[in-house]
Amino acid sequence: MHRLLCFFPSKSNPLGNPFSKTTSPFRNLPLFLTENPTRSPLRPATGFGLRPSVPIPPNRSSLSRFHPASINLASFIHSTRGTRRFSGESGGREALHYDVVIVGAGPAGLSAAIRLKQLCRERNTDLSVCVLEKGSEVGAHIISGNVFEPRALDELMPRWRDEGAPIEVPVSHDKFWLLTENRALSLPSPFDNKGNYVISLSQLVRWMSTKAEELGVEIYPGFAASEILYDENDKVVGVATNDVGVAKDGSKKETFQRGVELKGHITLLAEGCRGSLSEKIIRDYKLRDKGQGQHQTYAIGIKEVWEIEEGKHVPGSVLHTIGWPLDMKTYGGSFLYHMNNRQISIGLVIALNYQNPYLSPFDEFQKFKHHPAIKSLLEGGSVLQYGARALNEGGFQSIPNPVFPGGAIIGCSAGYLNVPKIKGTHTAMKSGMLAAEAAFNVIVAGAQMEMYWDSLKKSWIWEELFRSRNYRPAFEYGLMPGLAFSALERYVFRGRLPLTLKHGKPDHEATDIASVHTPIQYPRPDGQVSFDVPTSLYRSNTNHEHDQPVHLRLRDPAIPERVNLPLYAGPESRYCPARVYEYVPDDKHGLKLHINAQNCLHCKACDIKDPKQNIEWTVPEGGGGPGYTTM
């Protein structure tokens, strides 16, 4: 066991104040120094202690009750329900016990945490709730081109307008264009954004995290949940964070520390689209077969935040486009939203079932910005931030049964995006609230977690996704047939067509072999409106510890050179919007795949689009990845 010494830096400490509510990645977490003087004092020691966000009743156990000298955590006495508990080592790892463990501090995870604590206050009880977040701080990995529908937030926190929520710009204009190479043709807008707001989702979840902490939720950014924990009956009993201080070659560095087990009565997975633990749970428990039965289908969204000239800025203006630069068989479109402070969000979303292996989503986005109707707005402006993320587009047909033994999947990990609305935040939040209500009743009243699945099917989420279920698969037949069918569905049948269309091939199977396509020659970036990958990546604030195991794993290292390169022209070098994958010359005068894992934006496109599903995305060390602030 480590000897743990309390560490209380002064305000003048050049390392900063780790207890700061705004800057610390370890809010509510007392930090401890081990006897190893080389370890960073800002990294929590193995077997770290947790300090609750609210005062501890006299009968509660906590580290604050112990002298800050040598402490054996295995000797801690387990306390009653409602209190975090500490236990000794399990395979070399310390274990912390909660009532509810939530993985992911996005809209769904924070909504679940807040709702749990609200129920505790309403029912005069107490449950311990912790939220793990792999980003360096809450919001660092949150990206969304977001026109926010406040329906779920109205239910969760009705007084949000009076409590300083960063939701300030109501939609003022709503336009929809069909683009050709040089023209923009106005179409009737299918979006009803009256009462919605243009926001930064990363800023919203930061605000939500402060509200959760005020209620007593413990939030720990910088900790990546890498493993599901099971009991002897194959029931999920929590998660474990990954080891840190491991070198690329697998050896232990001086800073090595074992991961920590966080065990709970209920575990809620809110990892976002294509969450690595969520996908394992869906696969192992066959949850998609127990749900709506169809595979999930995805898109990649690429986004920039710009500051534009004052005279061009129209706060609340919303624009969506379809058509150019994509071909008639590739589903996708752009968005352009005017926020406050002369800022705009601009992005391109491309379905990952595109056929041409030469297509590069990043370069399509750079090309899009040169459309005459778009370029004129951007000229004279500057880019503030860049990022990318996959998003679910399967909708109603692809919803899994989200309940597994010991917990549930919530938010975009399950896939509640409403494709024709291009909105999923409100549904993700509502799913978190419903799961929280079920979890509370499981722990307090002995109910079954299946009530979450039952409540979901009775909720407005289910109704909304059912009515929109045919929009996305309609575009399997091309842009114009898709538009025609969507208009019929919206204006005539109003979502009640007596049939449900099926999705086409899974995204990775949709990729054609290279020989049936012609390589795409993209224009060089001009450095004013369009940019190269290194410049864009710099604007994402992406950072990973360089000397750590590569978190992008090849199931078969030979497949890139044996299959992907000769048959598909190495598509991983193009579908990744961060140039993580590149083919470089080897010592045999051939080409070999090189993985620049430090560039990874955590978008998950590689895990989805690789033709042979040979790439497995796993979490890197906690705190690594992008550092979004305005996305």
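I started at a helix pair: His426, Thr427, Lys430, Ser431 and Leu434 in H8 meet Trp460, Ile461 and Glu464 in H10 (contact means heavy atoms within 4.5 Å; helices are DSSP runs of H or I, at least four residues, and strands E runs of at least two, numbered from the N terminus). The residues of this contact divide into three nonpolar, three polar and two charged (Ala, Val, Leu, Ile, Met, Phe, Trp, Tyr, Cys and Pro count as nonpolar, Asp, Glu, Lys and Arg as charged, the others, Gly among them, as polar).

I noted that this is a predicted model, where local features need pLDDT of at least 70 and side-chain atom pairs pLDDT 80 or more, while totals for chains, interfaces and linings use all residues. Residues are numbered from 1 along each chain as its sequence is written, and side-chain values use heavy atoms, leaving out hydrogens and water.

Next, salt bridges. I found 26 in the structure (a side-chain nitrogen of Lys or Arg within 4 Å of a carboxyl oxygen of Asp or Glu).

I looked up Lys211 and Glu163, whose side chains meet in one at 3.6 Å, N to O. The pair links distant parts of the chain, 48 residues apart: Lys211 lies in helix H3 (residues 201-214), Glu163 in the loop between helix H2 (151-156) and strand E7 (169-170). Lys211 is buried at 14% relative accessibility; Glu163 is partly exposed at 28% (buried is under 20% relative accessible area, exposed over 50%, partly exposed in between, with a 1.4 Å probe and protein chains only).

I then checked Lys280 and Asp284, which form a salt bridge at 2.9 Å, N to O. They are separated by about one helical turn because they sit four residues apart in helix H4 (residues 276-284).

Last entry: Arg93, Glu227, Glu261 and Lys263 are linked in a salt-bridge network.
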